[in-house]
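Reader: Hey, I've got a protein chain open and don't really know where to start. Can you walk me through it?

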Amino acid sequence: MNDKIKGWKIVLVTEKGQEYIKSATLKEGPRSKTTAVFFRNKHKSSNNYIISLKISHNAKDSNGWLIEKPDKTITLINEQIDELINYIQTNYTPLSLGEDSYISLSNDSLSKILKQVSELNIQPDELVNKLYESGVLTENLSVAITAAERKNIIALFEKKISLNESESFWQEWFNKNKWILGSEYIKILTERAIDEHHIADYIMQSVDGFLDLVEIKKPNLRFWTEPDSHGNYRPSADLVAAITQCLNYIYRVERKADSDDFRERVGGVRTVKPKCMLVYGRSVDWNEKQYEAFRILNSAYNQLHIITYDQLLVRSKGLLGIDTEQLLNDDDDIPF
């Protein structure tokens, strides 16, 4: 046998001129051995190489010589080898990792599948249940989908707070994305009327089972007046009006706490020392003095908490583990 170097592999040649690569042992035991070997020949007319892969199972005789078993030997040619390689690359890794089921999709095939699913007109809750029952949607995947969806919502939220959207826009926005308001609240109640003259933006049920309020104002409203001669910041006229409205709502709700009519309208949610969260203005460009004034302002109220849109944004990003420039000097300003 003589050797000749071709490319980056050593191609061996038998005495009869058969080119091959040194065989690999796939498995060897005391009585048998399984090997694989690549060899090649040139097509007589096209002069192209024909690559073959031979996998053989050999038994050992009493002297240790290998005897090939013809019925346990297979030889694959180019196209078959390509298909085998593709099959191994596609399927071996997920099987070796212990996956029970998996789907390999190209962007095109994924689009087609999603289109077919949308045409079924299945309600979202029903679709999720079916995916869970089939094992397609795992708990980890569900969490990942929710996180991805919320990241998109936060990105849109960050964009929208810089625009001059109406107060009604933001009321509807938070109604669809209650989670941004914080985990302090379990749900938004369908009832909004405190009495015939006063309608809150949201009447909420808190995690402790009691009734609270949330009032939404626009992010572009002015928060502070110009500092006085001592450098002190005071709430703007619009902010004072919003605070007064919230305090009035708290007072009205407390007066209604023992009303059978009110209790029925809020679904029996108990009313004891209701709190109100006021979402108002922005704080992205505040200086240290303004943050101090904000801290002092919030500390003056037991049942009212003011929070800016930028603080909601920072908190929402933090919940999802999104890196963000710190917009606050003191995280304790957000208790929820």
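Author: Sure, we'll go from the overall picture to the core, then some rings, then one helix. Keep in mind that this is a predicted model.

Reader: Okay, how many helices and strands does the chain have?

Author: There are 9 helices and 12 strands. Of the 336 residues in the chain, 34% are buried.

Reader: And what about the outside, how much area does the chain expose?

Author: About 21800 Å², and carbon and sulfur atoms supply 51% of that.

Reader: Cool. Which residues touch the most other members in the largest nonpolar core?

Author: That core has 29 residues, and the ones touching the most other members are L211, L213, F223, W224, L278 and I306. Two or more residues each come from β10, α6, β11, α8 and β12. The largest share is from α6, with 7 residues.

Reader: What is L213 in contact with, leaving aside its neighbours within four places in sequence?

Author: Its contacts include Y185, Y202, Y249, V253 and M277.

Reader: Is there another core somewhere?

Author: Yes, a second, separate one of 22 residues, with I153, F157, F174 and I307 among them.

Reader: Switching topic: how many aromatic pairs are there in the whole structure?

Author: A search finds 18. One of them is W224 with W286, a tilted pair with 5.6 Å centre to centre and 55° between the planes.

Reader: Why does that pair tie together parts that are apart in sequence?

Author: Because W224 lies in the loop between β10 and α6, while W286 is in the loop between β11 and α8, so the pair links parts 62 residues apart in sequence.

Reader: Are those two buried or exposed?

Author: Both W224 and W286 are buried. W286 also pairs with Y291: their ring centres are 5.3 Å apart and their planes are at 70°, so this pair is edge-to-face. Y291 is buried too.

Reader: Which residues do ring pairs link into a cluster?

Author: F223, W224, Y233, Y280, W286, Y291 and F294. Elsewhere, R270 lies over the face of F210, at 4.3 Å from the ring centre.

Reader: Last one: how many residues of α9 are buried?

Author: 9 of its 11 residues, so the helix is mostly covered. Among them are Y309, L312, L313 and V314.

Reader: What comes just after α9?

Author: G321, which takes a positive phi of about 70°. G321 is exposed, with a relative accessible area of 59%. In sequence, G321 and K151 are 170 residues apart, but from C-alpha to C-alpha they are 9.9 Å apart in space.

Note on methods: Residues are numbered from 1 along each chain as its sequence is written. This is a predicted model: local features need pLDDT of at least 70, side-chain atom pairs count only at pLDDT 80 or more; totals for chains, interfaces and linings use all residues. Side-chain values use heavy atoms; hydrogens and water are left out. Buried means under 20% relative accessible area, exposed over 50%, partly exposed in between (1.4 Å probe, protein chains only). Helices (H or I, at least four residues) and strands (E, at least two) are DSSP runs, numbered from the N terminus. A nonpolar core is a set of buried Ala, Val, Leu, Ile, Met, Phe, Trp, Tyr and Cys residues joined through side-chain atoms within 4.5 Å. Contact means heavy atoms within 4.5 Å. Accessible areas come from the Shrake-Rupley method with a 1.4 Å probe; for residues, only the protein chains shown count as cover. Rings of Phe, Tyr and Trp (its six-membered ring) pair if their centres lie within 6.5 Å; planes under 30 degrees apart count as stacked, over 60 as edge-to-face and the rest as tilted. A charge sits over a ring if NZ of Lys or CZ of Arg is within 6 Å of the ring centre and within 35 degrees of the ring normal.
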